[in-house]
Amino acid sequence: MKKRQVPAANNVLRILALLSTTDAPISAARIQRELDLPRSTTYHLLRELEDSGFVVHLPSPGTYGLGLAAYQIAASYTTQQPLVRLAAKDLKAIASFVGGSTHLSRLAGSEIVYLHEARAPRAVSLVTEVGVRLPALSTASGRIMVAHLPEPEVKAIFSASGEQRAYRTVKAHLALARERGWDSETEEVSRGQESVAVALVDHLGRPAAALAATFEAGSLDDAQRAEVISRLSTAARRVAGKFFGP
């Protein structure tokens, strides 16, 4: 049997895996018994998992179940992976049309995280690679997603963002973006580049993701720019329809 490099991390994963297979919260004694762990180790790991939100302790029966953080990770995975798969073909075609890059991103608190990038041949490399996080209010993708959130959430993102503009200015910009269905930025993220983005909205009217195209600033005329926005919007509606239903 292969020796584990980080036993504590392995035991944490074993606890989460066990809890994911049970129909109801279970006792620490059962966790200890089924995983053959020392009693002290079991309680130490459960305490860490509880503090981080991955496990919840129910004091009255003295049992443990999966916490909100575990469900959030599961929900994020089950949402983002199919979205990437469904949008990839459209994003590749749009990247070729603009001669630049396209992206799929999602909100993560007051930031966005890039989950997919398609790049046309000879397109410049950008900072917005997969896994990169940027302040949501500093990007077209982030702003068009925030524009679809209720005001209390918008205020929370604004407060956490360190945004220098007044809230009323940001709010007015978001209202315009939501009304027209897209947002744009020029050289706010990458020098010499501009972007347009649309939101991919779920069945509750909330932003599940954003689709964006980035290209050399000034390289497209008004008609071409409108065509890019139309293609992004069509792709977003198609993906949302397949994933969330009409």
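# Questions about a predicted fold

Me: How many of the contacts with a separation of 6 or more in this chain link residues 24 or more positions apart?
Reply: Of the contacts in the chain with a separation of 6 or more, 52% are accounted for by residues 24 or more positions apart. The model is predicted, and its chain contains eight helices and nine strands.

Me: Why is Gly100 called buried?
Reply: A residue counts as buried when its relative accessible area is under 20%, and Gly100, at 6% relative accessibility, therefore counts as buried. Gly100 sits in the loop between helix 4 (68-98) and strand 4 (101-108). Leaving aside residues up to four places away in sequence, Gly100 touches Ala95, Ala118, Arg119, Ala120, Ala123 and Thr214.

Me: How much of the chain counts as buried?
Reply: Buried residues make up 43% of the 246 residues in the chain. The accessible surface of the chain comes to about 13500 Å², and 53% of that surface belongs to carbon and sulfur atoms.

Me: What makes the span of helix 8 close to the expected one?
Reply: The expected span is 1.5 Å times one less than the number of residues. Helix 8 (residues 222-244) has 23 residues, for which 33 Å is expected, and it reaches 32 Å from its first C-alpha to its last, which is close to that value. Just after helix 8, Gly245 takes a positive phi of about 95°.

Me: How do you know that Asp221 and Ala223 make a polar contact at the start of helix 8?
Reply: The cut-off for a pair of N or O atoms is 3.5 Å, and a side-chain oxygen of Asp221 reaches to within 3.1 Å of the backbone nitrogen of Ala223, so the pair meets the distance limit for a polar contact.

Me: Which strands does helix 8 lie across, and which of its residues are buried?
Reply: Helix 8 lies across strand 7, strand 8 and strand 9, and runs at about 30° to strand 8. Its buried residues include Val228, Ile229, Leu232, Ala236 and Val239.

Me: What makes strand 8 and strand 9 a pair?
Reply: Two strands pair if there are at least two bridges between them; strand 8 (residues 193-201) and strand 9 (residues 207-216) are joined by nine bridges and run antiparallel, so they qualify as a pair. In strand 9, Leu211 is the bridge partner of Val198.

Me: Why are strand 6 and strand 7 said to stand at the edges?
Reply: The open sheet of six strands has the order 6-5-4-9-8-7, with antiparallel pairing. Strand 6 (133-135) and strand 7 (183-186) each have a single partner strand, so one side of each is left without a neighbour in the sheet. From one strand to the next, the twist averages 30°.

Me: How do you know that strand 1 and strand 3 pair, and in which sense?
Reply: Pairing requires at least two bridges, and strand 1 and strand 3 have two bridges in the antiparallel sense, so the requirement is met. Ile26 stands opposite Tyr64 in strand 3. Helix 1 packs on the sheet, touching strand 1, strand 2 and strand 3, and its direction makes about 90° with that of strand 3. Helix 3 also packs on the sheet, touching strand 2 and strand 3, with its direction at about 110° to that of strand 2.

Note on methods. Residues numbered from 1 in each chain as written. Predicted model: local features only at pLDDT ≥ 70, side-chain atom pairs only at ≥ 80, totals over all residues. Heavy atoms only, no water. Helix = DSSP H or I, 4+ residues; strand = E, 2+ residues; numbered from the N terminus. Buried < 20%, exposed > 50% of the residue type's maximum accessible area, 1.4 Å probe, protein only. Polar contact = N/O pair within 3.5 Å; in protein donor to acceptor, adjacent residues only side chain to side chain. Axes fitted to C-alpha atoms, helices over the stretch in contact; angles between N-to-C directions. Contact = heavy atoms within 4.5 Å. Areas by Shrake-Rupley, 256 points an atom, 1.4 Å probe, with all protein chains shown as cover.
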